[in-house]
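This report describes selected features of a predicted model. It treats helix burial, backbone geometry, helix packing and salt bridges in turn.

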Amino acid sequence: MLHFSDTRYAQIRIDPTRVNLAPGFDVHRLTITAELLPTGLELNALCEVEAEASVAPPNSRWIATAKPTRVRLTNHNHTSLRLAFPLTNQQLLDLEEHRAGQDLLLELHISGFNQFDHSSADTREQIRVPASVWQDELERLGAAFGFALSIPLPTSAGARRDAATYLQNARRLLHDGEFDKAIGSARQAMERILAVADWPQVSKSDDLHQRSQAQRWRAIYKAVFDQASGAEHADEVTKDFSYSRGEAEALIGIVASLLRAVPASSM
């Protein structure tokens, strides 16, 4: 409830089933609908409402801030309020890890500023979004919701830093539409990874079921390296290879994963 004074306030009602996720390019929009029921306020009072969304206690963590919204409040009349929060893919993935298949518990810090008399009020409202509702909204995002894989970049020098630098360059080239060059930069990162990874050789004659864990990592590495090498178009087989954006994203993502799989102590 927003208390502007002892006799002037606005009740807040939030329907946890009325949440909406709208897809965007890397950043999506979470909309939460609320209703304000004012009492004791001036006729058609203009109020500016701001809100911040967080993971509910005890695991409190800020998520996003909604764009300020202006609403006109009339005593004893319901006023609809739509709070829109920007959420990145990574934030959605973090929320998924946090809720672990259960209901999503959020806390909204809502503040209001009455432009008629410059009074203000704020409140914290907790909402429990049913797991089924949240899952339906995630599915509505479709292909727009994907993994946002971070690239580790330590402060120290060495092969790990060099590999991360090549991967960052690959990401920039990908955004520029230079798919072959992006894959080539990822391939250079792989060379730095292999230089220090403790992965033994593998051969076609190996019994696949008898390969060790390290040998299986080497097999994954070899398959990805062979595919990435096609971007150089250096022979009769690869000269006509053409890579899509999705294929470039897949290769860069796999290389970034391989970098994370190598123990830091070995790099």
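In helix H1, the buried residues are Asn-89, Leu-92, Leu-93, Leu-95 and Arg-99. These residues lie on the same side of H1, because the arc they cover around the axis is only 160°. After H1 comes Ala-100, whose phi is positive, near 50°. Ala-100 belongs to the loop between helix H1 (89–99) and strand E8 (104–114), and with a relative accessible area of 55% this residue is exposed.

A positive phi near 50° also occurs at His-233, likewise a residue other than glycine. His-233 is located in the loop between helix H5 (213–229) and helix H6 (245–261); its relative accessible area of 24% makes His-233 partly exposed. A further backbone feature is the cis peptide bond from Pro-57 to Pro-58, with omega near 10°. Pro-58 is part of the loop between strand E4 (45–55) and strand E5 (61–65).

Helix H3 (residues 159–175) packs with helix H4 (residues 179–196) at an angle of about 170°, and their axes are 8 Å apart. H3 is therefore roughly antiparallel to H4, since an angle over 145 degrees counts as such. Residues making the contact include Ala-159, Tyr-166 and Leu-173 of H3, and Phe-179, Ala-186 and Ile-193 of H4. By class, the contact of H3 with H4 comprises 13 nonpolar, 3 polar and 3 charged residues.

The structure contains 13 salt bridges. Three of them are listed below, with the N to O distance and the relative accessible area of each partner.

| Salt bridge | N to O distance | Basic partner | Acidic partner |
|---|---|---|---|
| Arg-187 and Glu-232 | 3.1 Å | Arg-187, 15%, buried | Glu-232, 45%, partly exposed |
| Lys-222 and Asp-226 | 3.4 Å | Lys-222, 42%, partly exposed | Asp-226, 44%, partly exposed |
| Lys-239 and Glu-236 | 2.9 Å | Lys-239, 43%, partly exposed | Glu-236, 60%, exposed |

Through salt bridges that share partners, Arg-187, Glu-191, Arg-192 and Glu-232 are joined into one network. Within this group, the side chains of Arg-187 and Glu-232 meet in a salt bridge that links distant parts of the chain: Arg-187 is in helix H4 and Glu-232 is in the loop between H5 and H6, 45 residues apart.

The pair Lys-222 and Asp-226 lies within helix H5; because the two residues are 4 residues apart, about one helical turn separates them. An α-helix has 3.6 residues a turn, so residues three or four places apart point the same way.

Technical notes
Residues are numbered from 1 along each chain as its sequence is written. This is a predicted model: local features need pLDDT of at least 70, side-chain atom pairs count only at pLDDT 80 or more; totals for chains, interfaces and linings use all residues. Side-chain values use heavy atoms; hydrogens and water are left out. Axes are lines fitted to C-alpha atoms, for helices over the stretch in contact, and angles run from 0 to 180 degrees between N-to-C directions. Angles under 35 degrees count as roughly parallel, over 145 as roughly antiparallel, 65 to 115 as roughly perpendicular and the rest as oblique. Contact means heavy atoms within 4.5 Å. Ala, Val, Leu, Ile, Met, Phe, Trp, Tyr, Cys and Pro count as nonpolar, Asp, Glu, Lys and Arg as charged, and the others, Gly among them, as polar. Buried means under 20% relative accessible area, exposed over 50%, partly exposed in between (1.4 Å probe, protein chains only). The arc is that of the directions from the helix axis to the C-beta atoms. A salt bridge is a side-chain nitrogen of Lys or Arg within 4 Å of a carboxyl oxygen of Asp or Glu.
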